[in-house]
Structures are given as structure tokens and as C-alpha cells.
Amino acid sequence: MLRQIAVDCPRTVPDVTFFQQEKVQKSLERILYTWAIRHPASGYVQGINDLATPFMVVFLSEHLEGSIDNWKIADLPAEKISNVEADCYWCLTKLLDCMQDHYTFAQPGIQRLVFKLKELVRRIDEPILRHMEEQGLEFLQFAFRWFNCLLIREIPFHLVHRLWDTYIAEGDALPDFLVYIAASFLLTWTDKLQQLEFQDMVMFIQHLPTHRWSDLELEMVLSRAYMWHAMFSSSPSHLVS
């Protein structure tokens with residue numbers, strides 16, 4: 001388990017140089033290993049390494065000034081680093097408490113959300129679902145990663161704090177709301193996707209053009225998610241697994 005964590009930490013948020021610092025990676029290792037041994041039902045699962053990073057940035061910002069590109073964790077005393085690691089551990093634990101079955105054997109929680117996402121898309125935009133089915137594209141081929149990493153790999157890192165703000169606000173209702181966020185995210189490109197065949201659709205979804213996104217685009221995704229949740233949550237038969 002520790003070996004897998006040690007392998008994954010250098011791969012975490014590769015486009016942010018701060019996370020390539022050796023001391024940052026060691027700090028992340030300690031957070032993840034502590035979480036894993038305290039949660040033996042799942043242990044460490046690839047993807048959880050990404051979920052700790054927004055908390056690290058928030059708590060380190062209390063001690064490091066300026067742009068994250070200029071941060072050096074080596075400038076901090078060991079006691080402050082330990083305190084940040086403890087805060088990150090407890091926040092990560094709180095975030096994942098409501099979705100433990102996302103990371104147990106066979107990850108049944110994620111499988112369930114993928115099914116619900118497909119049914120929600122069927123309800124909102126049946127033409128795009130029909131096109132995806134005709135092309136043979138399964139939701140599991142892309143949505144599994146979305147739910148496993150809570151979409152953190154799909155948007156620029158500077159927007160992740162806004163996404164995490166929504167996740168934390170949802171509390172224990174987060175797993176259900178994730179379905180609406182994922183649907184809104186996918187249907188942002190419904191017109192484009194309907195023009196693509198299978199191979200091009202797979203490539204497009206794997207490299208979605210979000211690198212130039214600002215808060216505005218993410219707010220649109222979240223606003224649609226809230227709207228659809230308000231419309232459908234009181235009649236959830238379309239999401240029955």
C-alpha cells in the first residue's frame with residue numbers, strides 16, 4: 001500500500017510545480033498512508049491522492065504568501081507542516097465519510113453513480129444518449145474516472161477550490177449531487193459530441209477543452225446542476241438503481 005502511494009504522489013497534479021517538490025510529496029504520502037491504515041475496508045485507492053490536494057493548498061495558504069507557483073514548503077517549520085497534514089487528514093476523512101463504498105472492493109458506489117448518470121442524461125437529453133449508444137460509448141469508459149477523482153482531473157487546478165466548496169456544502173448528500181454535476185459537465189458539450197463518432201468522442205472526452213476555463217464556466221456547470229437537482233430530486237424514479 002505504501003509503495004503504491006509513493007508511486008502515485010509524484011504523479012499528483014503534474015501541471016502544478018508546487019506538487020513536484022519532494023517535501024510536498026512526502027507530506028502527501030503521510031496524509032494518504034494515515035488515511036489508508038485508518039480505513040482498512042478500502043485502504044488506499046488510486047485517485048484519493050488527488051482529493052487531498054485542495055485541502056493542502058487551503059491550509060498551506062495560511063503560512064505561505066503569493067502565488068502557489070512560488071511556494072516552498074521547505075520554508076515552513078516541521079511543526080506547522082505537521083499541523084497542516086493533520087488538518088488535511090481530517091478534512092479528507094470528512095469528505096470521504098459519505099462515500100466509503102466508492103473505494104471498497106469493486107467500487108460499488110461509483111458503479112451506482114455511473115448508472116444514475118446515464119439515466120439522468122436520458123431524462124434531460126435523450127438525443128445525446130441515443131448517439132452515444134449508437135456509437136457504442138459506455139458511460140463507464142469516462143464517468144468512472146470522473147466520480148473516482150471527483151472531476152479534479154477534468155478542470156484547471158485553480159478552479160478546484162470552487163468545486164470543493166460545493167462538495168463540502170453538500171455534506172452527506174454529496175454522492176447524489178455528484179450525478180447532477182457530472183450530467184451538467186457532460187452536457188456542456190452535447191452539440192459537439194453529437195457530431196463525433198466513437199473514436200473521436202473518446203478522445204474528446206478524455207481531453208476536454210477546459211484549460212481556458214474561468215470561474216464563469218464552472219459556475220454555469222454548477223448552476224445547471226442545482227437547477228436539475230431542484231427539478232428531479234423530488235421525483236427520483238429516473239435514478240432508481
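**Entry 1: a salt bridge between two helices**

I began with Asp-176, which at 43% relative accessibility counts as partly exposed. I keep in mind that everything I look up here comes from a predicted model. The side chain of Asp-176 meets that of Lys-116 in a salt bridge, with 3.7 Å from N to O. Because Lys-116 lies in helix α6 (residues 108-124) and Asp-176 in helix α10, I note that the pair ties together parts that are 60 residues apart in sequence. I then looked up the other partner and found that Lys-116 is buried, with a relative accessible area of 14%, a value that falls under the 20% limit for that word.

**Entry 2: other salt bridges**

I asked myself how many salt bridges the count comes to. The count is 12 salt bridges, and I looked at a few of them in turn. Glu-154 and Arg-145 form one of these, and their closest N and O atoms are 3.0 Å apart. In this pair Glu-154 counts as buried at 6% relative accessibility, whereas Arg-145 is partly exposed with a relative accessible area of 35%.

I next turned to Arg-162 and Glu-219, which form a salt bridge whose closest N and O atoms are 2.6 Å apart. This pair links distant parts of the chain, since Arg-162 is in helix α9 and Glu-219 is in helix α13, 57 residues apart. Arg-162 is partly exposed, with a relative accessible area of 21%, and Glu-219 counts as partly exposed at 28% relative accessibility. Elsewhere I found a network of salt bridges that links Lys-118, Glu-119, Arg-122 and Glu-133.

**Entry 3: the two sides of helix α9**

Having met α9 through Arg-162, I went through the helix itself, which covers residues 160-170. Which residues of α9 are buried? I wrote down Val-160, Leu-163, Trp-164, Thr-166, Tyr-167 and Glu-170. Seen down the axis of α9, these buried residues fall within an arc of 155°, so they line one face of the helix. The face turned away from the buried side carries the exposed residues Ile-168 and Ala-169.

I also wanted to know what the buried residues of α9 pack against. The partners are α3 (48-51), α4 (53-60), α5 (78-97), α10 (174-187) and α13 (215-232). Just after α9, I noticed that Gly-171 takes a positive phi of about 60°.

**Entry 4: the nonpolar core**

In soluble globular proteins, nonpolar side chains tend to be buried together, and with this in mind I looked up the core. The largest nonpolar core has 87 residues, of which Trp-164 and Tyr-167 touch the most other members. Helix α10 gives the most to this core, with 11 residues. I recall from the previous entry that Trp-164 and Tyr-167 are among the buried residues of α9.

I followed Trp-164 further and, leaving aside its neighbours within four places in sequence, I found that it is in contact with Leu-51, Pro-54, Phe-55, Leu-95, Cys-149, Leu-150 and Ile-152.

**Entry 5: a nonpolar patch on the surface**

Last, I turned from the core to the surface. Which residues make the nonpolar surface patch of about 370 Å²? I found that Met-1, Leu-2, Tyr-33 and Ile-37 make this patch. I placed Leu-2 in helix α1 (residues 2-8), and I noted that Leu-2 is partly exposed, with a relative accessible area of 43%.

Notes
Residues are numbered from 1 along each chain as its sequence is written. This is a predicted model: local features need pLDDT of at least 70, side-chain atom pairs count only at pLDDT 80 or more; totals for chains, interfaces and linings use all residues. Side-chain values use heavy atoms; hydrogens and water are left out. Buried means under 20% relative accessible area, exposed over 50%, partly exposed in between (1.4 Å probe, protein chains only). Helices (H or I, at least four residues) and strands (E, at least two) are DSSP runs, numbered from the N terminus. The arc is that of the directions from the helix axis to the C-beta atoms. Contact means heavy atoms within 4.5 Å. Patches are made of residues with over 30% relative accessible area and no salt bridge: like charges are joined within 9 Å, nonpolar side chains (Val, Leu, Ile, Met, Phe, Trp, Tyr) within 5 Å. Accessible areas come from the Shrake-Rupley method with a 1.4 Å probe; for residues, only the protein chains shown count as cover. A salt bridge is a side-chain nitrogen of Lys or Arg within 4 Å of a carboxyl oxygen of Asp or Glu. A nonpolar core is a set of buried Ala, Val, Leu, Ile, Met, Phe, Trp, Tyr and Cys residues joined through side-chain atoms within 4.5 Å.
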